[in-house]
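Colleague: Could you take me on a close look at a single part of this model, starting from the surface? I'd be glad of one connected answer.

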Amino acid sequence: MQNKFLHADKYSRFFGGGKGDNPIDVYVSGYHYLFITMQPRLKAFIIADCLKTTGVAGQHVIGDPAGILNIHNISLTPPGVSLGKTTNNATGGAKWQTPTNLEIGDEIACKYNEYSGTPIYRIHRGWVNFIKNTNLGITESDQPIYQEDYKATFLYATTRPDGKTIEFGAKFTGVWPTRSPTDVFASDVTNSDKVEIDMTYSIDHMYDNNKEVLQEIQTLINSARAAGVAANNSRITVHK
């Protein structure tokens, strides 16, 4: 099969047109999926914490806090990967460099739409409280809490505009929030606007474009996309 990238127009860099013009589709951002998995103990605590502190507003997170974060996430920035280097010296001051250790960033950044009742804030507040109670500064649970209890797994993928063909896929393990986003309640009488929550998560490792990870994500995407198409068709039927 002909590789279009090797037969590209090296002068004009025009890659549009139709058949015979060597068109190349550009990478388009803005199409992504996020699938979060939490341990049952963490989910239960978040729901209980929300109900305990917010009453009716806590009803927003009953069922699946992770699922709510999946749906209302609007952006994710993966960590960078860099290769360290060392300088080698030779006679007469000559030098050359060779690679050393691999450095993978240990944080990911996410953004969410927030809503009345502040479910996104309350989920993260409960998550942080599970690790360290924000009033006591210690773990609230009477039972020991281990890493596997409070750390989540994020599966993330960007796709082509078709919403199914994966361009990039990654699995982030050992994920936990680094803050409770109380700044969501900042207010200014001169400005009434929507609220978006920026969150930073610590991660233990990133597995990017791994074959098994891509297969796992593709299965989830196929299911999510099918459900979305079905829901959209249902809305169209209702409004006929």
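**A surface patch and the aromatic pairs**

Modeller: Happy to! Val26, Val28 and Tyr31 together make up a nonpolar surface patch, with about 260 Å² of accessible area between them. Keep in mind that this is a predicted model. Within the patch, Val28 sits in the segment before β1. Val28 counts as partly exposed because its relative accessibility is 34%, and partly exposed covers the range between 20% and 50%.

The segment before β1 (32-37) also holds Asp25. Asp25 has a relative accessible area of 57%, so it is exposed; the cut-off for that class is over 50%. Two relations place Asp25 with respect to other residues. Its side chain makes a polar contact of 3.1 Å with the side chain of Arg160. Along the chain, Phe15 is 10 residues away from Asp25, and the C-alpha atoms of these two residues are 7.9 Å apart.

Now to the aromatic rings. The structure contains six aromatic pairs. One of them joins Tyr121 and Phe185 in an edge-to-face arrangement, with 4.9 Å from centre to centre and 85 degrees between the planes. This pair bridges distant parts of the chain, 64 residues apart: Tyr121 belongs to helix α3 (residues 119-131), while Phe185 is in the loop between β7 (166-177) and β8 (196-202). How do the two partners stand in terms of exposure, buried or partly exposed? Tyr121 is buried, because its relative accessible area is 8%, and buried means under 20%. Phe185, at 47% relative accessibility, counts as partly exposed.

Another pair is formed by Trp127 and Tyr201, and here the geometry is tilted: the centres are 6.0 Å apart and the planes make an angle of 45 degrees. Trp127 is in helix α3 and Tyr201 in strand β8, so this pair ties together parts 74 residues apart in sequence. Trp127 has a relative accessibility of 0% and therefore counts as buried. Tyr201 is buried as well, with a relative accessible area of 0%. Phe154 comes into the picture too, since ring pairs link Trp127, Phe154 and Tyr201 into a cluster.

To put the pieces side by side: the nonpolar patch of Val26, Val28 and Tyr31 is on the surface, Asp25 is exposed, and Trp127 and Tyr201 are buried.

Notes: Residues are numbered from 1 along each chain as its sequence is written. This is a predicted model: local features need pLDDT of at least 70, side-chain atom pairs count only at pLDDT 80 or more; totals for chains, interfaces and linings use all residues. Side-chain values use heavy atoms; hydrogens and water are left out. Helices (H or I, at least four residues) and strands (E, at least two) are DSSP runs, numbered from the N terminus. Buried means under 20% relative accessible area, exposed over 50%, partly exposed in between (1.4 Å probe, protein chains only). A polar contact is a pair of N or O atoms within 3.5 Å; within protein, one must be able to donate a hydrogen and the other to accept it, and residues adjacent in sequence count only if both atoms are side-chain atoms. Patches are made of residues with over 30% relative accessible area and no salt bridge: like charges are joined within 9 Å, nonpolar side chains (Val, Leu, Ile, Met, Phe, Trp, Tyr) within 5 Å. Accessible areas come from the Shrake-Rupley method with a 1.4 Å probe; for residues, only the protein chains shown count as cover. A salt bridge is a side-chain nitrogen of Lys or Arg within 4 Å of a carboxyl oxygen of Asp or Glu. Rings of Phe, Tyr and Trp (its six-membered ring) pair if their centres lie within 6.5 Å; planes under 30 degrees apart count as stacked, over 60 as edge-to-face and the rest as tilted.
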